[in-house]
Amino acid sequence: MTPTLLIKNARLVVTMDDTRREIADGGIFCRGGVIEAVGPTHELPTEADEVIDARDQIVIPGLVNTHHHMYQSLTRVIGPAQDAELFGWLQALYPIWAGLTPDMVRTSTLTAMAELLLSGCTTSSDHLYIYPNGVKLEHSIEAAQQIGMRFHAARGSMSVGQSQGGLPPDRVVEQEPAILKETQRLIERWHDPARHAMLRIVVAPCSPFSVSRGLMRDSALLARQYGVSLHTHLAENDNDIAYSREKFGMTPAEYAEDLGWVGPDVWHAHCVKLDEPGLQLFARSRTGVAHCPCSNMRLGSGIAPVRRMRDLGVPVGLGVDGSASNDGAHMLGETRMAMLLQRVTGAAMTARETLEIATRGGAQVLGRDDIGALAPGMSADFVSFDLNHVGLAGGQGDPLAALVFCGAPQVTHSIVNGRVVVRDGQLTTVELPRVIEQHNHFARLLAQAS
């Protein structure tokens with residue numbers, strides 16, 4: 001028998017559906033990981049295999065994280081990188097990351113996903129682009145399957161080391177034929193194109209300053225042969241722009257277009273420094289952007305023109321980025337920061353628009369039509385927050401706005417694919433204290449070896 005789940009009596013259900021319904025005293029009925037009904041509690045079935053009373057809670061679609069480097073949670077606040085901009089930060093950290101092991105990647109992925117799940121995120125991408133000491137993408141995939149997060153695993157890569165004019169040390173780059181062969185293997189073994197898929201593979205060379213033109217072009221061809229998405233970093237800061245002009249004689253957007261890296265199956269991280277022609281190109285081609293406000297501030301990269309992107313029709317989602325360039329991965333907190341940071345530029349976004357970016361926007365960027373909103377036929381991915389949390393006190397007149405504007409609490413419940421992975425604020429799928437203990441042990445080993 002297909003299991004059923006009922007959420008009832010929520011103070012407010014924020015659907016983010018096509019009409020943006022917000023339902024007082026609402027609920028959700030799910031069967032087999034798919035939503036069957038959303039509406040006022042009294043209109044829903046009264047029985048289910050599992051019933052959760054969400055009284056005094058706000059229920060929203062699970063947030064979608066479109067850019068992360070989960071292994072970097074092992075190197076938060078590493079001294080030499082604390083005050084550096086992007087290129088100096090990378091040069092300080094590459095030698096440390098060369099010490100990564102499979103167990104480190106597996107544990108750091110569990111840690112990063114736990115942090116995301118507890119902050120309202122139910123779907124995440126992860127860009128793993130360094131593979132020393134036998135590390136494989138499977139070590140991240142295993143962690144995602146264990147903890148129960150919907151996962152877009154991006155097979156990153158670096159192929160141009162310092163001896164060839166790239167940024168990374170030669171010892172952490174790979175040969176391009178091997179990169180393409182391994183990426184093809186991963187797609188054929190793990191990628192699930194079906195609706196409601198829990199795992200998809202993404203083709204993701206790291207950046208224009210760490211891979212060749214040939215690898216970028218061949219990666220795009222491979223991705224389109226298999227119908228999978230493409231992801232990389234682009235136009236992150238002024239040095240990034242200068243590198244692109246010096247090495248390629250193009251802006252980053254021109255470089256992306258030249259190599260086939262535009263279209264609705266592509267999304268780029270950051271895009272802080274996209275110029276107006278680049279913005280127009282992304283809008284015409286429906287190329288997506290992962291906006292990472294905290295990381296952009298942490299590294300002094302600047303403020304991405306998200307208001308302009310939205311006005312032009314560029315698909316925009318949110319990303320927490322790696323926890324060594326953000327030092328936190330609180331997805332609801334990232335949503336708040338995205339709203340506030342645009343206001344610094346005079347380009348205001350409302351709480352509702354920013355939450356839309358974090359839900360529907362992220363789903364669009366990842367190429368999905370089954371997550372990001374609560375409606376019949378959508379995946380049963382949603383989270384609830386207790387409105388009696390001290391950080392929300394006084395904000396009861398508009399609970400949705402309070403959730404974004406005020407201090408961001410942890411979730412009360414998190415449901416992914418119809419499965420309760422956080423119940424009453426506690427993860428149900430992993431023993432978090434043990435994961436944190438192991439994670440801190442591995443972080444010490446990495447730091448001591450550097």
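On a 1 Å grid over the protein atoms alone, a cavity is a set of points where a 1.4 Å probe fits but cannot get out, and a pocket is an open set with protein on both sides within 12 Å along at least five of seven lines; lining residues have an atom within 4 Å of a point. This is a predicted model, in which local features need pLDDT of at least 70 and side-chain atom pairs count only at pLDDT 80 or more, while totals for chains, interfaces and linings use all residues. Residues are numbered from 1 along each chain as its sequence is written, and side-chain values use heavy atoms, with hydrogens and water left out.

**Stop 1: the largest cavity**

Select L86, W89, L90, H233 and E236. These residues lie nearest the centre of the largest cavity, which has 15 lining residues. The space inside is about 100 Å³, where a volume is the space filled by probe spheres set on the grid points, and points are joined across faces, edges and corners. Helix α1 (residues 86–97) provides the largest share of this lining, 3 residues; helices (H or I, at least four residues) and strands (E, at least two) are DSSP runs, numbered from the N terminus. By class, the lining comprises 7 nonpolar, 6 polar and 2 charged residues. Here Ala, Val, Leu, Ile, Met, Phe, Trp, Tyr, Cys and Pro count as nonpolar, Asp, Glu, Lys and Arg as charged, and the others, Gly among them, as polar.

**Stop 2: N237**

Select N237 next, in the loop between β10 (230–234) and α6 (238–248). N237 counts as buried because its relative accessibility is 5%; buried means under 20% relative accessible area, exposed over 50%, and partly exposed in between (1.4 Å probe, protein chains only). Now add E85: the side chains of N237 and E85 are joined by a polar contact of 3.1 Å. Such a contact is a pair of N or O atoms within 3.5 Å; within protein, one must be able to donate a hydrogen and the other to accept it, and residues adjacent in sequence count only if both atoms are side-chain atoms. Beyond its neighbours within four places in sequence, N237 is in contact with E85, L86, K273 and S301, contact meaning heavy atoms within 4.5 Å.

**Stop 3: the second largest cavity**

The search of the whole structure finds 2 cavities of 30 Å³ or more. To see the second largest, select I7, I52, A54, Q57, V59, F382, V383, S384, H413 and I415, which line it. Its volume is about 40 Å³. Strands β5 (57–61), β14 (382–386) and β15 (413–416) each supply at least two lining residues, and β14 gives the most, with 3. This lining has 7 nonpolar, 3 polar and no charged residues.

**Stop 4: N9**

Move to N9, in strand β1 (residues 4–14). Its relative accessibility is 16%, so N9 counts as buried. Displaying D53 as well shows a polar contact of 3.5 Å between the side chains of N9 and D53. Leaving aside neighbours within four places in sequence, the contacts of N9 are D25, G26, T41, D53, A54, R55 and D56.

**Stop 5: helix α3 and G148**

Select α3 (138–147). Why is α3 largely enclosed by the rest of the structure? The reason is that 7 of its 10 residues are buried, namely E138, H139, S140, I141, A143, A144 and I147. Their cover includes α2 (102–118), β7 (121–128), β8, α4 (176–190), β9 (199–205) and β16 (419–423).

After α3 comes G148, with a positive phi near 95°. G148 sits in the loop between α3 and β8 (150–157) and is buried, with a relative accessible area of 6%. Add V416 to the selection: the C-alpha atoms of G148 and V416 are separated by 7.1 Å, although the two are 268 residues apart along the chain. Leaving aside neighbours within four places in sequence, G148 is in contact with M198, V416, R419 and V421.

**Stop 6: the largest pocket**

Turn to the largest pocket, with a volume of about 200 Å³. Of its 13 lining residues, select D18, R360, D369, A373 and M378, the closest to its centre. The lining as a whole has 6 nonpolar, 2 polar and 5 charged residues.

**Stop 7: G214**

Finish at G214, in helix α5 (residues 213–226). G214 is partly exposed, with a relative accessible area of 27%.
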